[in-house]
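I opened my notebook to record a few residues that I wanted to look up one at a time. The entries follow in the order in which I wrote them.

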Amino acid sequence: MLPTTDSLNEFISYTQKYFYQEIKHSQPFLTRFFQLFGHNLEEVGAELETFVENSSVKGNKGRADLIWKQGIGIKGVIIEMKSKDVDLFSPEYYRQLERYWINCVPNRPRYGILCNFDQFLIFDFDIQPSDPIDVIKLTDLPDRITAFRFMEIGGQSSSSNRENCKKNG
């Protein structure tokens, strides 16, 4: 189930008002984000602050902000949050997301998201692993929500807009 325009606008307003720091606000943001799609994190098997072996820069355990592994009707996603105004196009953040994905076995998620509370970079590791398939501003969610179809259980693949995959998306 895709979110309604009203629920998206409420999410946008709440996010702009209250969320901006990675460490402090990632969990409540991600909980609300999943609720947009009618999901309770625990009920769908998504895990916050998940340790992933061999995924830190030094090869130790890293901690992904959220992992929702593939399963029946679930395409899966790894979400890595950054603080507001952080440049998500910095190569270090993609490399961090990629390390989580490489080491997230079995049932590795198909999708990855980098998010800084203002923007989402969506990666489809099956189609275009090293570049985002879409870049969506928070304020554009009502018009671009179909890019998140993979968040639906039994949902379709992302309806991406590769032309928007530029830094200023």
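**Notebook: backbone and side chains**

I began with N107, which is partly exposed because its relative accessible area of 48% falls between the 20% and 50% cut-offs. I kept in mind that I was looking at a predicted model. I then noted that N107 has a positive phi of about 60 degrees although it is not a glycine, and that N107 sits in the loop between helix 4 and strand 4.

I stayed in that loop for P106, which lies between helix 4 (91–103) and strand 4 (111–115). Checking the backbone there, I found that V105 and P106 are joined by a cis peptide bond, with omega at about -5 degrees.

I turned next to F117, a residue other than glycine whose phi is also positive, near 75 degrees. I located F117 in the loop between strand 4 and strand 5 (119–124). Is F117 buried or exposed? I wrote down that F117 is buried, because its relative accessible area of 1% is under 20%.

My last entry concerns R63, which I placed in strand 2 (residues 62–68) and which counts as partly exposed at 43% relative accessibility. Which residues does R63 contact, once its neighbours within four places in sequence are left aside? I listed E49, T50, F51, E80 and Y100. For E49, I noted a polar contact between its side chain and the side chain of R63, at 3.2 Å. For Y100, I noted that it is 37 residues from R63 along the chain, while their C-alpha atoms are separated by 8.2 Å.

Definitions and conventions
Residues are numbered from 1 along each chain as its sequence is written. This is a predicted model: local features need pLDDT of at least 70, side-chain atom pairs count only at pLDDT 80 or more; totals for chains, interfaces and linings use all residues. Side-chain values use heavy atoms; hydrogens and water are left out. Helices (H or I, at least four residues) and strands (E, at least two) are DSSP runs, numbered from the N terminus. Buried means under 20% relative accessible area, exposed over 50%, partly exposed in between (1.4 Å probe, protein chains only). Contact means heavy atoms within 4.5 Å. A polar contact is a pair of N or O atoms within 3.5 Å; within protein, one must be able to donate a hydrogen and the other to accept it, and residues adjacent in sequence count only if both atoms are side-chain atoms.
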